[in-house]
Amino acid sequence: MSVIAVLALDGVPGHQLTAPGLAFATAARHHHPVAYEVRVCAGPGFRGTGGHAPFGIDTPWGLEGLDDADTVLLPGHEGFRAAPPPGVVDALLAAAARGARIGAVGTGTFTLAATGLLDGRRAATSRRHTRELARLHPRVDVDPEGAAVADAPFHSAAGVLGGVDLCLHLITLDHGESVAIETERQLFLHLHEEPEDTGGTPSRDGPRSDRGAAAEAAYNAVTPPGSALEPVTRWMEDNLHHPLTLDDIAGRARLGIRSLTRRFRAETGLTPLQYLLRTRIQRAQRLLERTDDPVERIAARSGLGTPANLRHHFQRATGTSPTTYRTAFRALVSGLTWPERPEEPSEEP
């Protein structure tokens, strides 16, 4: 199990503090054998969170929680321009010396930069603080876009969505892009509930039926990194826009159709063609989320062919139409993103 230590310094924005637990727990809940332990570690002088949702926390972990962590995450915090609290620099240097991965979100990058670990390396912070980071720490190569940046074991990103992008980046490194994509989707959209076996309407509150749970497990199935099927599933993902057949897939895998089907069922719970269809729907979801392409183009790019075919399979898999899905996703993202404020000196992380 990978241990993620989130170092909470005084005035950490509440959404940045809670985002790692949400992201890594979602990855673990929907993907076996993904497993994470997330520790919130209170730094010296920590009194509570700040920003949009102030609250206090009670945690058994202090700086000692970083001692055996595989990854240390630094959210933003108030007073980020000042020297880090006592013991923080030593704890981060010790973590880096033993090979831990260290990530910073928003103004947390200022604290990481204060250790000297980012000297000569690329890093990111919130966009309105990029010039200030470059001025205070001139030996850091500051990425002006504020996107997720990786330089050796150090990772940093802007604070938009509480560092979710950084968490998804780390999940990608740990378990592959497919797990990260599905984790992101589960974070932003609660897909449809399967109807109860009694034949009634879908339940919003009760447990899912066994059939619904099995369907969700199959839909979220991925081939784990290092799997014997990984080369062929990667090839399938790269060629979704082509009319792939079962013979094409078996030929690429250099297996007979029966052997191929057995392997797919053993590793994913799906047949090769079921896996192909599910991957095409996922591609369509990704395009609906990230592009303004019309349904006709998304149908072609995902390999589903026609808009009617896309709508049919999309409705069966997600319980909604492509247009409704796009609208809901963007509304949720908009609601979770705070607008940038004018650039001015501030203690706001």
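This passage describes the overall make-up of a predicted model, followed by the surroundings of strand 4, the position of valine 34 and the distribution of confidence.

The chain comprises 14 helices and eight strands, and of its 349 residues 48% count as buried. Among the contacts in the chain with a separation of 6 or more, 66% are accounted for by residues 24 or more positions apart. The area exposed by the chain is about 16500 Å², of which carbon and sulfur atoms supply 53%.

Strand 4, which spans residues 101-105, has five of its five residues buried, and it is therefore largely enclosed by the rest of the structure. In a regular strand the side chains alternate between the two faces of the sheet. In strand 4, Arg101, Gly103 and Val105 point one way, whereas Ile102 and Ala104 point the other way, and all of these residues are buried. On the side of strand 3 (residues 71-74), the pairing with strand 4 is parallel and extends over four bridges, with threonine 71 having arginine 101 as its bridge partner in strand 4. The connection between these two strands passes from strand 3 through helix 2 (residues 88-97) to strand 4, forming a β-α-β crossover that is right-handed. Strand 4 also pairs in the parallel sense with strand 8 (residues 154-157), again over four bridges, and here valine 105 has alanine 157 of strand 8 as its bridge partner.

Valine 34 lies in the loop between helix 1 (14-30) and strand 2 (36-42). With a relative accessibility of 10%, which is under the 20% cut-off, valine 34 counts as buried. When residues up to four places away in sequence are not counted, valine 34 touches Ala27, Ala28, His175 and Val179. Of these contacts, the one with histidine 175 links positions 141 residues apart along the chain, the C-alpha atoms of the two residues being separated by 7.5 Å.

The mean pLDDT of the chain is 83, and 82% of the residues reach 70 or more. Confidence is highest in strand 3, at a mean of 98, and lowest in helix 7 (residues 210-219), at a mean of 40. Over residues 190-219 the pLDDT is below 50, although in the model this stretch has 38 contacts beyond near neighbours in sequence. A pLDDT below 50 is likewise found over residues 335-348, a stretch with 30 contacts beyond near neighbours in sequence in the model.

How values were computed
Residues are numbered from 1 along each chain as its sequence is written. This is a predicted model: local features need pLDDT of at least 70, side-chain atom pairs count only at pLDDT 80 or more; totals for chains, interfaces and linings use all residues. Side-chain values use heavy atoms; hydrogens and water are left out. Buried means under 20% relative accessible area, exposed over 50%, partly exposed in between (1.4 Å probe, protein chains only). Two strands pair if DSSP finds at least two bridges between them. A crossover is right-handed if, with the strands pointing away from the viewer, the path from the first strand over the helix to the second runs clockwise. Contact means heavy atoms within 4.5 Å. Accessible areas come from the Shrake-Rupley method with a 1.4 Å probe; for residues, only the protein chains shown count as cover. pLDDT is the predictor's confidence in each residue, from 0 to 100.
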